[in-house]
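Reader: Hello! I would love a close look at one part of this model, with a friendly walk through what surrounds that part.

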Amino acid sequence: MKYLEQMILSKGKVLPGNILKVDSFLNTQIDIELMKELGKDIYAHFKDCGVTKILTVEASGIGIACITAQFFNCNVVFAKKSRTKNMGDCGVYSADCYSFTHKNMNTLIVNNEFISPSDTVLIIDDFLANGEACKALMSIVSQAKAKLAGIAIEIEKGFQGAGDELRKQGVDLYSLAVIDKMEDGKIVFRS
Ligand code: 5GP
């Protein structure tokens with residue numbers, strides 16, 4: 001997805017600690033035309049997998065998950081990072097996850113009514129860094145005894161290794177941009 005790479009190069013900022021700031025088009029302000037193109041691209045890759053549900057994590061995965069879900073004609077479920085009062089006392093699937101950006105532990109929680117063994121789930125997130133969020137979401141899919149179609153990521157930071165590890169495990173991981181190096185403010189993409 002060359003267009004995404006161009007946007008990252010022109011509008012992204014490399015922050016200390018291997019953080020890429022993309023809040024002018026992906027995170028805080030969302031470029032809907034770009035999202036639509038990314039969603040179509042994700043659909044083209046997974047269209048024959050029988051996806052019945054898209055699973056993401058609040059908050060930054062929700063935008064791309066919803067736009068992509070229109071092409072699959074399916075619903076989106078997002079994991080919450082804490083149990084809120086409006087969840088009542090429903091049963092949940094849960095998995096612990098260390099946040100790369102906030103540097104704290106969260107327990108991802110999904111109401112267990114929303115994913116069932118008959119579902120084929122596509123996991124979507126904005127970034128893949130150390131793979132903690134994706135591994136927690138995969139655990140939720142497996143707790144639900146649902147089938148995992150694969151994982152779609154907007155930006156994989158390939159130099160952190162989690163993506164290649166997941167591919168080695170046989171996961172169909174589709175990243176729209178893979179960054180191999182992010183040094184001295186310079187970004188190098190995997191070709
Ligand atoms: P992981 O769980 O793979 O270590 O990190 C992925 C999560 O951390 C994503 O959900 C994303 O919100 C956040 N994240 C990781 N790296 C970055 C980054 O470089 N920039 C931004 N904006 N978010 C990141």
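Reader: Which backbone oxygen lies close to a polar atom of the side chain of Lys 53, and how many Å apart are they?

Author: Happy to help! This is a predicted model, in which local features need pLDDT of at least 70, side-chain atom pairs count only at pLDDT 80 or more, and totals for chains, interfaces and linings use all residues. Residues are numbered from 1 along each chain as its sequence is written, and side-chain values use heavy atoms, with hydrogens and water left out.

The oxygen belongs to Phe 114: its backbone oxygen lies 3.0 Å from a polar atom of the Lys 53 side chain. A polar contact here is a pair of N or O atoms within 3.5 Å; within protein, one must be able to donate a hydrogen and the other to accept it, and residues adjacent in sequence count only if both atoms are side-chain atoms.

Lys 53 is part of strand S3 (residues 53-57); strands (E, at least two residues) and helices (H or I, at least four) are DSSP runs, numbered from the N terminus. With a relative accessible area of 16%, Lys 53 counts as buried, because buried means under 20% relative accessible area, exposed over 50%, and partly exposed in between (1.4 Å probe, protein chains only). Leaving aside neighbours within four places in sequence, the contacts of Lys 53 (heavy atoms within 4.5 Å) include Cys 74, Asn 75, Val 77, Phe 114 and Leu 122.

Leu 122 leads on to the interior. Not counting residues up to four places away in sequence, Leu 122 touches Lys 53 and also, among others, Ile 42, Phe 46, Ile 54 and Phe 72. Leu 122 is also one of the residues with the most contacts inside the largest nonpolar core, which has 32 residues. Such a core is a set of buried Ala, Val, Leu, Ile, Met, Phe, Trp, Tyr and Cys residues joined through side-chain atoms within 4.5 Å. Among the elements that give two or more residues to this core are helix H2 (32-46), helix H3 (62-72) and strand S7 (120-128). A second, separate core of 27 residues includes Val 121, another contact of Lys 53.

Leu 20 shares with Leu 122 a place among the residues with the most contacts inside the largest core. A polar backbone atom of Leu 20 is also 2.8 Å from a nitrogen atom of the ligand. As for the ligand's oxygen atoms, one lies 3.3 Å from a polar side-chain atom of Asp 126.
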